[in-house]
Amino acid sequence: MQFLLLVFLFTSCQQDVFEQEDSQMLGGDITSELAPYFRTFQEEARQHGLIVDYESANLTAELIQIDEGSVAGTCSTNGLNLRHITIDQSFWNKASPLLKEMVIFHELGHCILGRGHSEGRLENGACRSIMRSGLGSCIDAYNGSSRDYYVEELFVETE
């Protein structure tokens with residue numbers, strides 16, 4: 001029994017170390033829970049010929065409670081070229097991995113790619129861009145089948 005407890009404690013601690021290392025390897029100050037999504041964004045950017053360096057971009061990111069209605073995330077900047085992404089903890093606790101990715105990619109679209117909101121709609125009523133504000137009348141359609149379209153649109157802006 002003691003052996004199993006030690007194995008559990010070791011693997012739990014080991015996982016925490018790997019998450020911290022992943023977060024530190026990204027550069028910048030990014031909460032470890034968010035790090036896998038930031039890494040995926042870097043990989044997608046690289047496939048589109050862009051190098052994303054969070055440390056050089058002075059980017060930080062954290063999970064906190066956002067008390068602004070249905071806001072899942074924010075990107076804020078200041079005059080010193082600092083960028084900060086905040087993701088709502090309540091949203092994060094309930095969201096699917098794909099929805100988490102969409103929100104992280106949206107906020108990085110603002111903070112890293114400099115994109116604004118885009119309210120366009122496709123013929124079927126779906127949002128044309130991952131950069132939609134949520135205030136328009138388009139239908140969210142980011143899913144396993146449409147992910148490639150939305151990631152392509154994010155990195156190859158057509159407007």
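In the predicted model, strands β1 (residues 29-30) and β2 are paired in the parallel sense through 2 bridges. Within this pairing, I30 has A61 of β2 as its bridge partner. Together with α2, the two strands β1 and β2 form a β-α-β unit that is left-handed.

Strand β2 also pairs with β4 (residues 83-88); these strands run parallel and are joined by 6 bridges. Here the bridge partner of T60 is H84 in β4. In a regular strand, side chains alternate between the two faces of the sheet. Strand β2, spanning residues 59-64, shows such an alternation: the side chains of L59, A61 and L63 point to one face and are buried, whereas those of T60, E62 and I64 point to the other face and are not buried. A61, the partner of I30, thus lies on the buried face of β2, and T60, the partner of H84, on the opposite one.

Helix α5 covers residues 147-155, and its buried residues are R147, Y150, V151, E153, L154 and F155. The cover over these residues includes α2 (35-47) and α4 (97-111). Helix α2 is therefore part of the β-α-β unit with β1 and β2 and also part of what covers α5.

Over the whole chain, 5 helices and 4 strands are present, arranged along the sequence in the pattern α-β-α-β-β-β-α-α-α. The chain has 159 residues, of which 37% count as buried. Of the contacts between residues at least 6 apart in sequence, 52% join residues at least 24 apart. The exposed area of the chain is about 9400 Å², with carbon and sulfur atoms supplying 53% of it.

Notes
Residues numbered from 1 in each chain as written. Predicted model: local features only at pLDDT ≥ 70, side-chain atom pairs only at ≥ 80, totals over all residues. Heavy atoms only, no water. Buried < 20%, exposed > 50% of the residue type's maximum accessible area, 1.4 Å probe, protein only. Contact = heavy atoms within 4.5 Å. Pairing = 2+ DSSP bridges. Right-handed = clockwise from strand over helix to strand, strands pointing away. Areas by Shrake-Rupley, 256 points an atom, 1.4 Å probe, with all protein chains shown as cover.
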